[in-house]
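Have the model open and ready to rotate? Let's walk through it together, starting from one residue and working outward.

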Amino acid sequence: MPVVLLVIVGWLYVALMMSLAEATHSNGSVIGGIFTFVLYGVAPVALVGYILLTPARKRALKAREKAELGQPDDGGETPADPVAPVRKEP
């Protein structure tokens with residue numbers, strides 16, 4: 001996952017430099033630089049980051065569900081009920 005985050009930060013840096021170049025160019029405009037950053041930087045990073053980080057989200061969700069159900073992580077026996085059931089006299 002750290003490699004994915006490094007790629008995301010690098011891509012955003014490149015998109016920021018592209019948008020600054022367009023905004024400061026004599027034929028460019030600030031609004032064009034903003035659109036360049038959004039369309040070349042934010043939108044692709046959001047899409048690719050969502051797709052690449054999906055397995056990590058699924059693992060975290062399964063771990064959270066196991067913790068809520070009280071299941072052991074190793075697949076061993078489930079813990080016994082700490083309170084013995086109460087029987088009624090016949």
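Start at G41, which is buried because its relative accessible area is 0%, while the cut-off for buried is anything under 20%. Keep in mind as you look around that this is a predicted model. G41 sits in helix α2. What does G41 touch, once you leave out residues up to four places away in sequence? The list is W11, L12, A15 and T36. There is also a C-alpha distance worth checking here: G41 and V14 lie 27 residues apart in sequence, yet 8.1 Å separates them in space.

Now hop along to T36, which also belongs to helix α2. T36 has a relative accessibility of 8%, so it counts as buried. Its side chain makes a couple of polar links that are easy to find on screen. One is a polar contact of 2.4 Å between the side chains of T36 and E22. Another runs from the T36 side chain to the backbone oxygen of G32, at 2.8 Å. Setting aside residues up to four places away in sequence, T36 touches M18, S19, E22 and G41. That brings you back to G41, which has T36 among its own contacts.

From T36, cross over to S19, which is part of helix α1. Is S19 buried or exposed? It counts as buried, because its relative accessibility is 6%. Beyond the residues up to four places away in sequence, S19 touches G33, T36 and F37.

That's a good moment to look at helix α1 as a whole. It covers residues 2-24, and at 1.5 Å a residue its 23 residues should span 33 Å; the C-alpha atoms at its ends are 33 Å apart, so the model agrees with the expectation. The buried residues of α1 are I8, A15 and S19. What do they pack against? The partner is α2, residues 30-52. You've already met part of this packing: S19 touches T36, and A15 is one of the residues that G41 touches.

A bit of helix geometry is handy while you turn the view. An α-helix has 3.6 residues a turn, so residues three or four places apart point the same way.

Two more C-alpha pairs help you follow how the chain comes back on itself. V9 is in helix α1, and it counts as exposed because its relative accessible area is 55%. The C-alpha atoms of V9 and G41 are separated by 9.9 Å, though their positions lie 32 residues apart along the chain. The other pair is V48 and I8, 40 residues apart in sequence and 8.7 Å apart in space, C-alpha to C-alpha. V48 is in helix α2, and its relative accessible area of 43% makes it partly exposed. I8, on the other hand, is one of the buried residues of α1.

Next, turn to the surface. Y13, V14, L16, M17, M18, L20 and Y40 form a nonpolar patch there, and together they have about 650 Å² of accessible area. Which helix gives the most to the patch? That's α1, with six residues. M17 is a handy one to click on: this member of the patch is located in helix α1. With a relative accessibility of 36%, M17 counts as partly exposed. M18 is in the patch as well, and you may recall M18 from the contacts of T36.

Finally, zoom out to the whole protein. It has three helices and zero strands, and reading along the sequence gives the pattern α-α-α. Of its 90 residues, 10% are buried; G41 is one such buried residue, at 0% relative accessible area. The protein exposes about 7800 Å², and carbon and sulfur atoms supply 68% of that. As for contacts with a separation of 6 or more, 44% of them come from residues 24 or more positions apart.

Methods
Residues are numbered from 1 along each chain as its sequence is written. This is a predicted model: local features need pLDDT of at least 70, side-chain atom pairs count only at pLDDT 80 or more; totals for chains, interfaces and linings use all residues. Side-chain values use heavy atoms; hydrogens and water are left out. Helices (H or I, at least four residues) and strands (E, at least two) are DSSP runs, numbered from the N terminus. The expected span of a helix is 1.5 Å times one less than its number of residues. Buried means under 20% relative accessible area, exposed over 50%, partly exposed in between (1.4 Å probe, protein chains only). Contact means heavy atoms within 4.5 Å. Patches are made of residues with over 30% relative accessible area and no salt bridge: like charges are joined within 9 Å, nonpolar side chains (Val, Leu, Ile, Met, Phe, Trp, Tyr) within 5 Å. Accessible areas come from the Shrake-Rupley method with a 1.4 Å probe; for residues, only the protein chains shown count as cover. A salt bridge is a side-chain nitrogen of Lys or Arg within 4 Å of a carboxyl oxygen of Asp or Glu. A polar contact is a pair of N or O atoms within 3.5 Å; within protein, one must be able to donate a hydrogen and the other to accept it, and residues adjacent in sequence count only if both atoms are side-chain atoms.
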